[in-house]
Amino acid sequence: MAEKQMSASGSPRRAGVVSRASRRLAAVAAVIGVGASAPMLLGSGTAAASTLVPCTYGPIGSRLEVDCTDNDYTPATVTINAFCTNFANISMPPTRMGPRSRMHFTRDCGPGANPIFWLVNGESDWEKVQDQLDQMRQDQQDRADHHHHDDH
């Protein structure tokens with residue numbers, strides 16, 4: 001009688017472990033699903049990519065390898081946002097690089113994991129100023145349009 005009770009109590013515990021494992025697999029599958037669509041998400045990010053500070057990047061095993069070149073005569077800032085299959089955030093704070101220089105960055109997810117989403121951006125100080133000027137012009141234009149509509 002005691003034996004029967006033990007097997008009955010041992011069984012649900014095993015079922016709990018299995019369902020927990022399958023839940024974890026489902027979560028990983030969901031994340032990998034995001035990874036599969038990441039190129040589309042990245043497509044929009046690369047459209048505005050810097051022409052003066054091009055970066056090449058890609059996953060190699062558990063690492064995201066990034067090479068950036070600042071072809072401008074002003075310093076540049078490189079930003080890397082990246083996430084891994086183990087939910088690790090391997091993003092890098094904005095990092096400065098000198099004018100007319102190259103830099104290599106390695107971000108590592110750790111053993112058994114690999115990068116699934118990454119957004120790499122390089123921008124020279126000159127480009128940043130141009131963007132700010134464009135934004136100011138756009139704001140001025142928006143205000144002018146807004147005042148024009150108020151008159152009617």
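Q: Which strand holds threonine 77?
A: We're looking at a predicted model here. Follow the chain to residues 76-84 and you'll find threonine 77 inside that run. The run is strand β3.

Q: Is threonine 77 buried or exposed?
A: The cut-off for buried is under 20% relative accessible area. Threonine 77 comes in at 15%, so the label is buried.

Q: Which side chain makes a polar contact with the side chain of threonine 77?
A: Setting aside residues up to four places away in sequence, threonine 77 touches a set of residues including Pro94, Thr95, Arg96 and Asp125. One of these contacts is polar and runs side chain to side chain, at 2.8 Å. The partner is arginine 96.

Q: With which residue does aspartate 125 form a salt bridge?
A: Aspartate 125 has its closest N and O atoms 2.8 Å from its partner's, and that pair counts as a salt bridge. It ties together distant parts of the chain, with aspartate 125 in helix α2 (residues 125-151) and the partner in strand β4 (residues 92-97), 29 residues apart. Aspartate 125 is partly exposed at 23%, and the partner is partly exposed too, at 46%. That partner is arginine 96.

Q: Why does serine 124 count as buried?
A: Serine 124 sits in strand β6, which covers residues 115-124. Buried means under 20% relative accessible area. Serine 124 earns the label because its relative accessible area is 0%.

Q: Which side chain makes a polar contact with that of serine 124?
A: Skip the neighbours within four places in sequence, and serine 124 is in contact with Leu52, Val53, Asp70, Asp72, Thr74, Pro75 and Ala76. The side-chain polar contact, at 2.8 Å, picks out one name from that list. The name is aspartate 72.

Q: Where in the chain are the two ends of the salt bridge between aspartate 67 and arginine 102?
A: The closest N and O atoms of aspartate 67 and arginine 102 are 3.9 Å apart, and the cut-off is 4 Å, so the pair makes the list. The two residues are 35 places apart and belong to distant parts of the chain. Aspartate 67 is in strand β2 (residues 63-70), and arginine 102 is in strand β5 (residues 101-108).

Q: Which of those two, aspartate 67 or arginine 102, counts as exposed?
A: Exposed takes over 50% relative accessible area. Aspartate 67 has 26%, so it is partly exposed. The residue at 60%, and therefore exposed, is arginine 102.

Q: What is the N to O distance between glutamate 65 and arginine 63?
A: Their side chains meet in a salt bridge. Glutamate 65 is buried at 11%, while arginine 63 is partly exposed at 31%. The N to O distance is 2.5 Å.

Q: Which residue lies over the face of tyrosine 73?
A: Don't go hunting for ring-ring pairs, as a search of the whole structure finds zero aromatic pairs. Tyrosine 73 has a charged side chain over its ring instead, 4.5 Å from the ring centre. That residue is arginine 100.

Q: How many contacts beyond four places in sequence does the model have for residues 25-47?
A: The chain averages a pLDDT of 78, with 65% of the residues scoring at least 70. Over residues 2-15 the pLDDT is below 50, and that stretch has zero contacts beyond near neighbours in sequence. Where pLDDT is low, the predicted coordinates shouldn't be read in detail. Residues 25-47 also stay under 50, and their contact count is 12.

Note on methods:
Residues numbered from 1 in each chain as written. Predicted model: local features only at pLDDT ≥ 70, side-chain atom pairs only at ≥ 80, totals over all residues. Heavy atoms only, no water. Helix = DSSP H or I, 4+ residues; strand = E, 2+ residues; numbered from the N terminus. Buried < 20%, exposed > 50% of the residue type's maximum accessible area, 1.4 Å probe, protein only. Polar contact = N/O pair within 3.5 Å; in protein donor to acceptor, adjacent residues only side chain to side chain. Contact = heavy atoms within 4.5 Å. Phe/Tyr/Trp six-rings, centres within 6.5 Å; stacked < 30°, edge-to-face > 60°. Lys NZ or Arg CZ within 6 Å of the ring centre and 35° of its normal. pLDDT = per-residue confidence, 0-100.
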